[in-house]
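Visitor: I should like to examine one helix packing at close range, and then to see what surrounds it in the rest of the model.

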Amino acid sequence: MTTDLRTGPPVAPARVPRRRPGSLAVALAVLVVALVPVAVTTDRFLTLDNARAILASAALVGITAMGATLVMIAGSAVSLASAQTATVVAMVFLATQDRGLVVATLLGLLGGIAVTALQGVAVGYWEANPIVLTIAAGFALGGGAIWLSGGTPVNATTDGYELFNSTPLGLPLAVYVLLVLAAVAQAILRRTAAGRQMYLIGENRAAARAAGLPVGRVLVLAWAFFGLCLAITGVFLASFNTSATTNLGGTLTLDAIAAVLVGGTAITGGKGSALRTLGGAVLISVIADILLIRGYSTGVQILVKGVLVLAVVVLVHVRAARGSR
Amino acid sequence: MTEPTQTGSQPLVTIDKLARSFAGVPAVKDVSFTVGAGEIHALCGHNGAGKSTVVKMLSGQLAPDSGRILLAGEPVGLRSRQAAQHLGVALVDQELSVVPALTVLENMSLGDIDAPLVVRRRAAVARCREVLDDMGLERLRPDQLVSTLSMGERQLVEIAKALSQRARVVILDEPTATLSDVESRRVFAAVRRVAARGCAVVFVSHRLSEVLELCDTVTVLRDGRAVVTTPAAGLSVEQLIVHMLGEAPHRLAATRRPDPDLTHALRVEHLHVPGRLEDFALTARAGRIYALAGQLGSGASDVLRALAGLHPRATGSVELRDRAVPFRNPVGAARSGIAFVSNDRKGEGLFLDKSVAWNLVATRLDRLGAGGVVGAGRERRTARSLAALATLPPDRLAAPVLALSGGNQQKVFVGRSLDRDDVHALLLDEPTRGVDIGGRAAIHRLLRSAADAGLVVIFASTELEELLELGDVILTMRDGRVVNTYEGGADGAVLMRDMTERKEAA
């Protein structure tokens, strides 16, 4: 008697091109919304002290991650030698304290830049595979660290480095340095020819080459900046710990990669930004902080960090794969 | 294997009124022909005539919109290349699919649907040996690495591979495009042997004289239709060209006046790319468009790639505006004022995920401000004026290039090299590949205005209309050498003959 309306003529799905927010943005928004009630109900989370603690813990990883961001954008490369580089810089910095803070700092920074820029030369001009290359570099630097230190902690003869442990306006100096570096990295990426070329090279290296873009030079620049960031991290690590052992770098390598990825910089290169990485570093430290205050073990903290990185990588990757079809 | 009983009564392959369109544009409209067992059947046609679409339908890579394919009288649905392989249809592709890092034997068993799960090595070697001997490849060993073979031998291994998979129908798509004379001979001998064993062979080639030499029957395609099927015996290259072009071969328009100032010219001497290009010379004057006419493997595209710095092993001397060009690396070439537009727009051209504006300014970032800083206002103005110059819709500047039509993508690609006072020579490889008619006319106008603005413009193309329409000077090329140079007075038939026929004993 009554016609079933549902079996009417099939309506073609309207193919209206719509501007939808990226799945990553949605996921991060959901995550932040979910975090707010947890954070608010966590004792002592909303205190100035805790905010300081979060920033301080984000600072060192964040500084390294700034450099890693450029390298990843410019060529889907990561460095697996980050911890070792920072450790060697820390040792050089402490061992040369007797020549004055300025000299020690400069030596540390130059050493970090030189070692990392050299890897950039191999990647940029000789098309070395960055994973293999940085694993090798990591071994070499790790060996160098043991050889330098003779296996014992390196200590400074003077305590000039204490300057780097100062806390102007109540925040560790490293936090200011992180913010400055984030601004610098963002400016390089967005407003300099070299930075813009990093995006282009990361997106399509063959096209960049055929267009005559200076691929080698730009990649060396990216890696040199990475080296600077690693060296600064090393100097802060040394100052904070007042002595340097061979495992001073700890989990820095993977932490930095995690911050870059959680920020949403594509592991395939060509996309991302320094500000996103800053967000990624802070987000990781907020979550770690909540878990810490709520009394979860270190194991749980690392587990959650891993799951978060995994989720973001999957989302970014899925999005990229759909986008390129 | 094939029974020799099929001769006579029933053709092995029957193509019946095949048609296929892409996005509403018909590529093949009405193609029918038959190939008998033991017959070598050529498929000829100008670019875009529909040859490769027919090949793809016959080898199961494309489904026809209408029409039928019959094998030994049975209608078959070839839904995939594997399905076609099961029915005994083997394809030897334009692009070699042998893997250099593997041995001859390993390559033969790659993709072999009949290969047993556990390969019994001795039996496999024996079988491989048998197939190689069958092909007249006694000097190849099954355990030899393919990387040690010449290109011609690789092509032969590829054919042997197709045969070892019990093929009844073998399709060869441009098997000799990149081969030398001697190597081609060997391929022909192998093809004849294959036919003698009772296979039906479909042979696609641009080289008309070898088509006439090798094949029994020729089917000519034009605009998606089979215009004629005729025995090859008694057919001449000229007649074949007339069939391919139809009537009205275009004429090269009167040549334009070149820039009299030779100091603005691009001078190329003794340009040599090992295995691809021999002793190329050209003095290209500013204000003129030079066309390199050549098929795949002719060296036309290699001239441009070498000049753009993409052939690191190229030798010779190149001067632009009286200054030597360091043409063995792309950065040096670009810095000397050479801009290159590759024929691979997606792989080696545009930054597809980036916006139109980014792509337009991609190669001049260091000129948009002082000290390596990119001025935001200057960038915006430059992108906008280039979009206007390249007749791109200004409201798409922020859209990713990926979202544009092929024609507009190509306008972006060409546009990024225009209106720069540091670019003196514009090199384009297939400037309108995959571009619609409207976009094509727009790109041709862009190139003409670039030449009028004082640039040296050189492009390589396989399309006769484009060569004749746009080239002030046309150089025909084949086998890595220039055949002829025309400044007016060329027509389609002449170019086609230069591009396809082997040079008389020179």
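Visitor: Is the crossing in which α2(A) passes α11(A) left-handed or right-handed?

Guide: The crossing of α2(A) past α11(A) is right-handed (the near helix is turned clockwise from the far one by less than a right angle; anticlockwise would be left-handed). This is a predicted model, in which local features need pLDDT of at least 70 and side-chain atom pairs count only at pLDDT 80 or more, while totals for chains, interfaces and linings use all residues. Residues are numbered from 1 along each chain as its sequence is written, with chains lettered from A and ligands numbered from 1 in the order in which they are written.

The two helices are residues 48-75 and residues 274-293 of chain A, and their axes lie 8 Å apart at an angle of about 140° (axes are lines fitted to C-alpha atoms, for helices over the stretch in contact, with angles from 0 to 180 degrees between N-to-C directions). That angle makes α2(A) oblique to α11(A) (under 35 degrees is roughly parallel, over 145 roughly antiparallel, 65 to 115 roughly perpendicular, and the rest oblique). Helices (H or I, at least four residues) and strands (E, at least two) are DSSP runs, numbered from the N terminus.

Among the residues that α2(A) brings to the contact are A:Ala53, A:Ile54, A:Ala58 and A:Val61; α11(A) contributes, among others, A:Leu278, A:Ala281, A:Val282 and A:Asp289 (contact requires C-beta atoms, placed from the backbone, within 7 Å). By class, this helix contact comprises 12 nonpolar, 6 polar and 1 charged residues (Ala, Val, Leu, Ile, Met, Phe, Trp, Tyr, Cys and Pro are nonpolar; Asp, Glu, Lys and Arg charged; the others, Gly among them, polar).

Chain A also meets chain B: 19 residues of chain A are in contact with 22 residues of chain B. On the chain A side, α7 (193-203) and α8 (205-210) are the elements that give two or more residues, and the largest share, 6 residues, is that of α7(A). This side has 9 nonpolar, 6 polar and 4 charged residues.

Chain B itself is divided into domain 1 (12-245) and domain 2 (262-353 + 420-500), the bounds being from an automatic or database domain assignment. Over C-alpha atoms, the centres of these domains of chain B are 32 Å apart, and their contact takes 11 residues from each of domain 1 and domain 2. Helix α8 of chain B (residues 237-245) gives the most to the domain 1 side, with 3 residues.

Chain B further contains an open sheet of 4 strands with antiparallel pairing, in the order β12-β11-β14-β15. There β12 (277-284) and β15 stand at the edges with a single partner strand each, so one side of each has no neighbour in the sheet. Strands β11 (residues 266-273) and β14 (residues 315-320) of chain B pair over 5 bridges (pairing needs at least two DSSP bridges), and B:Glu269 stands opposite B:Ser317. β14(B) and β15(B) form a hairpin with 2 residues between them, where B:Arg321 in the turn has a positive phi of about 55°. Finally, helix α9 (residues 300-307) of chain B lies across β11, β12 and β14, running at about 110° to β11(B).

Key: Contact = placed C-beta atoms within 7 Å.
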